[in-house]
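User: Please take a close look at one part of this model, the charged side chains, and set out how they are placed. I would like one connected account rather than a list.

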Amino acid sequence: SDLNMGKAKSAKAAEKKRQRLLAVQAAKRVKESIKAAYEVENPLAGLEPFLAFDVNTCIAPSNAVGDKASAKVSHDVDGPAGLRSPSSAADVPADIVQDDEQPRTSDKIPVKVSFHSSPLPVGLHDACLDLFKANMSDMYQASSWGLDLEEKSSELRHEAARFLVVEAAIDTDGADANDGTERDVLAFVHFRFVPDDDDKPTDEVLYVYEIQVSDKAQRSGLGKRLMNIAELVAHKNGMQKVMLTVFKMNGGAMKFYLDKMKYAIDESSPSNFDGELADYEILSKVVGKKKE
């Protein structure tokens, strides 16, 4: 009847209005949560027991030194067209993928993880960029993203960039001067607090733009340790998810995240959409309780 039809239309309109209101509330909450996270001076505060530990650093014999980017795990974000670029293949812990054919000598050293906001001191910025270049050049050149070191340098200088940096504990004292002091970076994570969607955000996200581990610190579990710390930072600062991007060609990284770190292909990943062809996947892991 007309009456029933009218009631159905009215109920449908009311539901649409309710959904719009919920979307507005969610967007406001996400914006406020991200703003609050960026206002935290040191997101590592309270996590001190996790920030100092020993790492087995390995040194390959002279005939084994070289660019092994294709045999490692790593990733990073922000490629062309404003897309977060793929996690490639040299950063995360190579306890997953590493060439074991060559003997390596190891030396246990104490290290510490420090937090930095952009801009990094010049020496630290250069060390991180050099580590990216050593690990990732081949992977990027083989991808649809291409390799642009100037763009990568600018990405590291972005005002929203935040970093976890691993250095030998004995070498870091007094080395934070904003100059060109050379730094021996064993690993770093570049992350940002972002909404899961720019237009209709529903979740707060810690996005791992990049994680790089030096060749000499591969196979030490350092990548896993850094990802665990990043997840603690996300949870502690009210983020719902940790997200990252991984090249499909980077089997080692995919295995590391999906199998060892228990990430999953995110609903926003291109592979979930018919007709979408991309050489990367977007992965995610829930680290917080769903907010209403």
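Analyst: A positive surface patch is made up of K12, K16, K17 and R20. The model is a predicted one. Of these patch members, K17 belongs to helix α1, which covers residues 2-39. Its relative accessibility is 59%, and K17 therefore counts as exposed, the cut-off for that class being over 50%.

Helix α1 also holds a charged pair of opposite sign. E39 and K35 join their side chains in a salt bridge, with 2.6 Å from N to O. Both residues lie in helix α1 and are separated by 4 residues, about one turn of the helix. E39 and K35 are each exposed.

A second pair involves two separate elements. The side chains of E231 and K285 form a salt bridge with an N to O distance of 3.2 Å. E231 sits in helix α4 (residues 222-236) and K285 in strand β9 (residues 280-286), so this pair ties together parts that are 54 residues apart in sequence. E231 has a relative accessibility of 10% and for that reason counts as buried, since the class requires under 20%.

A further salt bridge joins D266 to K241, whose closest N and O atoms are 3.0 Å apart. D266 is located in the loop between β8 (264-265) and β9, whereas K241 is in strand β7 (residues 241-247); the contact therefore ties together parts that are 25 residues apart in sequence. D266 and K241 are both buried.

Salt bridges can also be traced beyond single pairs. K152, E155 and E210 are linked through a network of such contacts. Over the whole structure, the search finds 9 salt bridges.

The nonpolar interior completes the account. The largest nonpolar core comprises 44 residues, and L164, L206, L222, M227 and Y257 are those with the most contacts inside it. Helix α4 gives the most to this core, namely 7 residues. Helix α4 is also the element that carries E231, the buried partner in the salt bridge to K285. Another core lies apart from the largest one and has 13 residues, including M136, M139, V194 and I282.

In summary, the charged side chains described here include the exposed pair E39 and K35, the buried pair D266 and K241, and the positive surface patch that contains K17.

Technical notes
Residues are numbered from 1 along each chain as its sequence is written. This is a predicted model: local features need pLDDT of at least 70, side-chain atom pairs count only at pLDDT 80 or more; totals for chains, interfaces and linings use all residues. Side-chain values use heavy atoms; hydrogens and water are left out. Patches are made of residues with over 30% relative accessible area and no salt bridge: like charges are joined within 9 Å, nonpolar side chains (Val, Leu, Ile, Met, Phe, Trp, Tyr) within 5 Å. Accessible areas come from the Shrake-Rupley method with a 1.4 Å probe; for residues, only the protein chains shown count as cover. A salt bridge is a side-chain nitrogen of Lys or Arg within 4 Å of a carboxyl oxygen of Asp or Glu. Lys and Arg count as positive and Asp and Glu as negative; His and the chain ends are not counted. The place of a charge is taken as NZ of Lys, CZ of Arg, CG of Asp or CD of Glu. Helices (H or I, at least four residues) and strands (E, at least two) are DSSP runs, numbered from the N terminus. Buried means under 20% relative accessible area, exposed over 50%, partly exposed in between (1.4 Å probe, protein chains only). A nonpolar core is a set of buried Ala, Val, Leu, Ile, Met, Phe, Trp, Tyr and Cys residues joined through side-chain atoms within 4.5 Å.
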